[in-house]
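Biologist: Please put the model on screen. I would like to go through its sheets, domains and ligand sites.

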Amino acid sequence: MRSESIPVKTVVIGGGAVGLLYAARLVLSGQSASVVTRSPLQAEQINRQKMSFHSLDGQVLPVPLAASPIEQGLPPGNLYLLAVKQNDLPGLLPFLREIPQNASILALQNGMGHQEWLAEKLPDRICYFGINAEGARRLSGTEVIHTGSGSLRVGPWNETAGPDPVISAFLDWARSVQIQATFEASIQPFAWRKLVANALINPLTAIFEVPNGALLENPYTVDLMRDLFVEAAAVANHHGQKLGETDWQEIFAICRNTSRNLSSMLQDVKRQRRTEVEAINGYLVQKGKEAGIPTPLHESLLRVILLKTSMGEEKVGGDRS
Ligand SMILES: NC(=O)C1=CN([C@@H]2O[C@H](COP(=O)(O)OP(=O)(O)OC[C@H]3O[C@@H](n4cnc5c(N)ncnc54)[C@H](OP(=O)(O)O)[C@@H]3O)[C@@H](O)[C@H]2O)C=CC1
Ligand SMILES: CC(C)(CO)C(=O)C(=O)O
């Protein structure tokens, strides 16, 4: 962190793609960070053999990262980065309730719904939300590849709080490692825009099993994305978020900047794990229904992804540590 910033001890909860990405970058730049994994085996492997970080420029760097399993509780820290999937947050609730008031919580989930959920379950504290466009892929429980650079916007859900000193220091650090990090007074407009981007990119890459950049190479996928954008923009508009041409272009920029990335939904589909489609397309469908706005394309994608993940046995068993 910058010399005038307060020291930050980051505890990353979730040793998946995003969690390992942030933990590795923190440790490699001399910061204090540890990771909390779901499985004891993954924690043991990270502690025993170090983790490997594949940087954007192709270097493979060993990372002396400390890890512990969630069953041991959360280690002390003053910043807790929630890097689990949205649907894994409820399982963390007893641990989140133990986080001291003087520590900050930053949730990095895609999708919508968890912001209200956290506000309801942790009513006496302010949670910060990160809209993260940095791409990552976990190669194994001890290996992560940085697949694309992007922005990181952080803020509370409503305009209730400025950045606390820990969040400010974290953002200083992010900027120092070339992440385009900003503090936003309210994260809502950015969460809506990220929701729409994920609602287009994630299910299409998951269905066709292609990296993000491939969507732009085909006129049929671009056409379909445009129709999906129009449906989603109508729902967002109803919620006071006016999406226009700049937002459409921004989705292209995300695909380009993370062109090699396998979206988090495609990674889940490949591993036959539950995806976040309900928190993404499902959220748009639900909000559309409540407002009387038809969203047939998003509803179809929702169904196809649910069907795809409910079919067959686990395809990949090597990345379960
Ligand atoms: N991957 C990407 O490029 C991007 C992802 N995102 C978003 O970031 C979030 C995280 O995504 P991603 O990292 O890809 O997901 P992953 O599935 O790779 O990682 C989630 C991790 O959380 C762990 N976990 C689940 N429950 C617990 C628990 N109770 N205690 C400790 N760890 C737990 C999982 O453990 P286990 O492996 O044992 O199941 C897994 O390692 C998602 O909301 C995603 O949409 C946003 C931008 C880019
Ligand atoms: C930015 C993007 C699309 C990167 O792949 C992402 O958020 C995800 O994969 O969930």
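**Sheets, domains and ligand shells**

Modeller: Strand β3 (residues 51-54) runs parallel to β10, and the two pair over 3 bridges. Keep in mind that this is a predicted model.

Biologist: Which residue is the bridge partner of H54 in β10?

Modeller: β3 and β10 pair in the parallel sense. H54 has its bridge partner in β10, and that partner is I145.

Biologist: What is the strand order of the open sheet of 4 strands?

Modeller: The pairing in this sheet is mixed. Its edge strands are β4 (60-63) and β9, each pairing on one side only. Neighbouring strands are turned by 25° against each other on average, direction ignored. The order is β4-β3-β10-β9.

Biologist: Which helix packs on that sheet, touching β3, β4, β9 and β10?

Modeller: The helix covers residues 17-28. Its direction makes about 100° with that of β9. It is α1.

Biologist: Now the open sheet of 8 strands. Why do β5 and β12 each have one side without a neighbour in the sheet?

Modeller: The order is β5-β2-β1-β6-β7-β8-β11-β12, with mixed pairing. That puts β5 (66-69) and β12 (180-183) at the edges. One side of each is left without a neighbour because each has a single partner strand.

Biologist: How many bridges join β2 and β5, and which residue of β5 stands opposite V35?

Modeller: β2 and β5 pair in the parallel sense, over 4 bridges. The residue of β5 opposite V35 is A67.

Biologist: What angle does helix α2 make with β5?

Modeller: α2 spans residues 40-49 and packs on the sheet. The helix touches β2 and β5. Its direction and that of β5 make an angle of about 165°.

Biologist: How is the chain divided, and how far apart are the domain centres?

Modeller: Domain 1 is 9-186. Domain 2 is 190-310. Taken over C-alpha atoms, their centres are separated by 24 Å.

Biologist: Which elements give two or more residues to the side of domain 1 that touches domain 2?

Modeller: In the contact, 20 residues of domain 1 meet 18 residues of domain 2. The domain 1 side divides into 5 nonpolar, 11 polar and 4 charged residues. The elements giving two or more residues to that side are β8 (127-132), β9 (135-140) and β10 (143-148).

Biologist: What does UniProt list for residues 11-158?

Modeller: This span is 26% helix and 35% strand. Its end C-alpha atoms lie 25 Å apart. The UniProt entry, which is unreviewed, lists it as "domain: Ketopantoate reductase N-terminal".

Biologist: How much helix and strand is there over residues 187-305?

Modeller: UniProt, again in an unreviewed entry, annotates residues 187-305 as "domain: Ketopantoate reductase C-terminal". The end C-alpha atoms of this stretch are 27 Å apart. The content is 72% helix and 0% strand.

Biologist: Which residues come nearest to ligand 1?

Modeller: The shell around ligand 1 holds 29 residues. By class they are 10 nonpolar, 14 polar and 5 charged. α1, β2 (32-37), α3 (89-96) and β9 each supply at least two of the shell residues. Those that come nearest are G14, G16, V18, R38 and N110.

Biologist: From which domains does the shell around ligand 1 draw at least three residues?

Modeller: Each contributing domain passes that count. They are domain 1 (9-186) and domain 2 (190-310).

Biologist: Which helix gives the most to the shell around ligand 2?

Modeller: Among the residues surrounding ligand 2 are N110, A133, N198, I201, N202 and N261. The shell draws at least three residues from each of domain 1 and domain 2. The helix that gives the most spans residues 188-208 and supplies 3 residues. That helix is α6.

Biologist: How many charged residues does the shell around ligand 2 have?

Modeller: The shell has 3 nonpolar residues and 9 polar ones. S263 and S264 are among its members. As for charged residues, there are no such residues.

How values were computed:
Residues are numbered from 1 along each chain as its sequence is written. Chains are lettered from A and ligands numbered from 1 in the order in which they are written. This is a predicted model: local features need pLDDT of at least 70, side-chain atom pairs count only at pLDDT 80 or more; totals for chains, interfaces and linings use all residues. Domain bounds come from an automatic or database domain assignment. Two residues are in contact if their C-beta atoms, placed from the backbone, lie within 7 Å. Ala, Val, Leu, Ile, Met, Phe, Trp, Tyr, Cys and Pro count as nonpolar, Asp, Glu, Lys and Arg as charged, and the others, Gly among them, as polar. A residue is near a molecule or strand if its C-beta atom, placed from the backbone, lies within 6 Å of it. Two strands pair if DSSP finds at least two bridges between them. Axes are lines fitted to C-alpha atoms, for helices over the stretch in contact, and angles run from 0 to 180 degrees between N-to-C directions. UniProt positions are given in the numbering used here, feature names are shortened, and annotations may be inferred rather than shown by experiment.
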